[in-house]
Amino acid sequence: MTEHVKTEIVDGVMTLTLQRPEKKNALTGAMYDALSGALKQAETDASVRVVVFQGEGDSFTAGNDLADFASQARGEDSVDSPAHRFIETVSKASKPLVAAVQGNAVGVGTTMLLHCDLVYLADNARLSTPFVNLALVPEAASSWLLPVRIGHARAYAMFALGEPMEAAAALVCGLANAVVPRDELRKRALDAAIALTKRPAGSLSLTKKLMRDHQRIAAKIAEEGQLFKERLKTPEAREAFAAFAERRSPDFAKLLP
Ligand code: COA
């Protein structure tokens, strides 16, 4: 377990709070494993009816820890990564998932929202999926789910240009249920979660199953995962991670794909 993810269960709601605000809640392997473990517990624990994701500080999450990506690029970690395990677990969750998102939600911070059932955004929320800027490819089945949700053109601009989407636009595009003032965010998400705990759990789980094409999602996750793993080892990706660490812009011009 890690001190960077807090798990609480109160009145049927499991709340998972990312607690690494000094690093914008960037997700380490230990954090992914803590989230996966909690989601697995939620599946079998009858006292949990709904799961809420939220983050401490000014960002929901800056996505995968880029130092972890850099070490995977150097081949120091297994590529059956905690991140991949988390993506598989969140995509298979049978209980309702609710997200409360403020500030930046980068990479998996945005793609995991495509697996949530209710999404509440603070008015300063900013969703971004800059996979190509990092010389990577989309993950979490987002290469399929995001264009289906918001259209190809907008999804492509988010993936390929790294264009962020502000809260108001995300609401219009169908990525969220509501935009609320920052200080009302957690209450709004919790109220929705509590309302779900009062609905019949069997009906909720079947409704979610009917609404999601699990087989197709799993196939997309596997296809993306293979390419993502290959991309992590490329000179382009190594340059992108080095540039972030050195606080400079990457220079891809002289590199081979
Ligand atoms: N991995 C590791 N550390 C991260 C991080 C990440 N994904 N995102 C932010 N941090 C760290 C920064 O290195 C910095 O650490 P330091 O104080 O020790 O130098 C700290 O968090 C604060 O980040 P900073 O960039 O100064 O904050 P900001 O408010 O100016 O910008 C972001 C916030 C999220 C826009 C910016 O940090 C960012 O773009 N992060 C990278 C996001 C990313 O590409 N994620 C991967 C997606 S696949």
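**Residue environments and ligand shell in a predicted model**

Valine 51 is placed in strand β3, which comprises residues 50-55. In this predicted model, valine 51 has a relative accessible area of 1% and is therefore classed as buried, the cut-off for that class being under 20%. Alanine 38 precedes or follows valine 51 at a separation of 13 residues along the chain, and the C-alpha atoms of the two residues are 9.3 Å apart.

Two alanines in helices were examined next. Alanine 30 belongs to helix α1, a helix that spans residues 29-44. The relative accessible area of alanine 30 is 39%, so this residue is partly exposed; the class lies between the 20% limit for buried residues and the 50% limit for exposed ones. Alanine 83 is part of helix α3, residues 82-92. With a relative accessibility of 12%, alanine 83 falls in the buried class. Between alanine 30 and alanine 83 the C-alpha to C-alpha distance is 9.5 Å, while 53 residues separate the pair in sequence. A second pair involves alanine 83 and alanine 100: these residues are 17 positions apart along the chain, and their C-alpha atoms are separated by 20 Å. Alanine 83 thus takes part in one pair at 9.5 Å and in another at 20 Å.

Lysine 95 is located in the loop that joins α3 to β4, the latter covering residues 97-101. Although lysine counts as a charged residue, lysine 95 is buried, at 15% relative accessibility. Leucine 196 lies 101 residues from lysine 95 in sequence, and the C-alpha atoms of the two are 10.0 Å apart.

Positive phi values occur at two residues that are not glycine, aspartate 11 and asparagine 25. For aspartate 11, phi is about 50 degrees. The residue is found in the loop between β1 (5-10) and β2 (13-18), and its relative accessible area of 67% makes aspartate 11 exposed, as the class requires a value over 50%. For asparagine 25, phi is near 60 degrees. Asparagine 25 also lies in a loop, in this case between β2 and α1. Its relative accessibility is 0%, so asparagine 25 is buried. The two residues with positive phi therefore fall into opposite classes, aspartate 11 being exposed and asparagine 25 buried.

The ligand sits in the largest pocket. Two or more residues of the shell around the ligand come from each of the elements α2 (66-73) and β5 (104-106). The shell holds 16 residues, of which Lys23, Ala62, Asn64, Leu66 and Arg247 come nearest to the ligand. Divided by class, the shell consists of 8 nonpolar, 3 polar and 5 charged residues.

Polar contacts to the ligand involve both side-chain and backbone atoms, as the following cases show. A polar side-chain atom of lysine 23 is 2.5 Å from a ligand oxygen atom. Arginine 247 likewise places a polar side-chain atom 3.2 Å from an oxygen atom of the ligand. At leucine 66, a backbone N or O atom lies 2.8 Å from a nitrogen atom of the ligand. On its own, the ligand has 870 Å² of accessible area, and the protein covers 66% of this.

Technical notes: Residues are numbered from 1 along each chain as its sequence is written. This is a predicted model: local features need pLDDT of at least 70, side-chain atom pairs count only at pLDDT 80 or more; totals for chains, interfaces and linings use all residues. Side-chain values use heavy atoms; hydrogens and water are left out. Helices (H or I, at least four residues) and strands (E, at least two) are DSSP runs, numbered from the N terminus. Buried means under 20% relative accessible area, exposed over 50%, partly exposed in between (1.4 Å probe, protein chains only). A residue is near a molecule or strand if one of its heavy atoms lies within 4 Å of it. A polar contact is a pair of N or O atoms within 3.5 Å; within protein, one must be able to donate a hydrogen and the other to accept it, and residues adjacent in sequence count only if both atoms are side-chain atoms. Accessible areas come from the Shrake-Rupley method with a 1.4 Å probe; for residues, only the protein chains shown count as cover. On a 1 Å grid over the protein atoms alone, a cavity is a set of points where a 1.4 Å probe fits but cannot get out, and a pocket is an open set with protein on both sides within 12 Å along at least five of seven lines; lining residues have an atom within 4 Å of a point. A molecule sits in a cavity or pocket if more than half of its atoms lie within 2 Å of its grid points.
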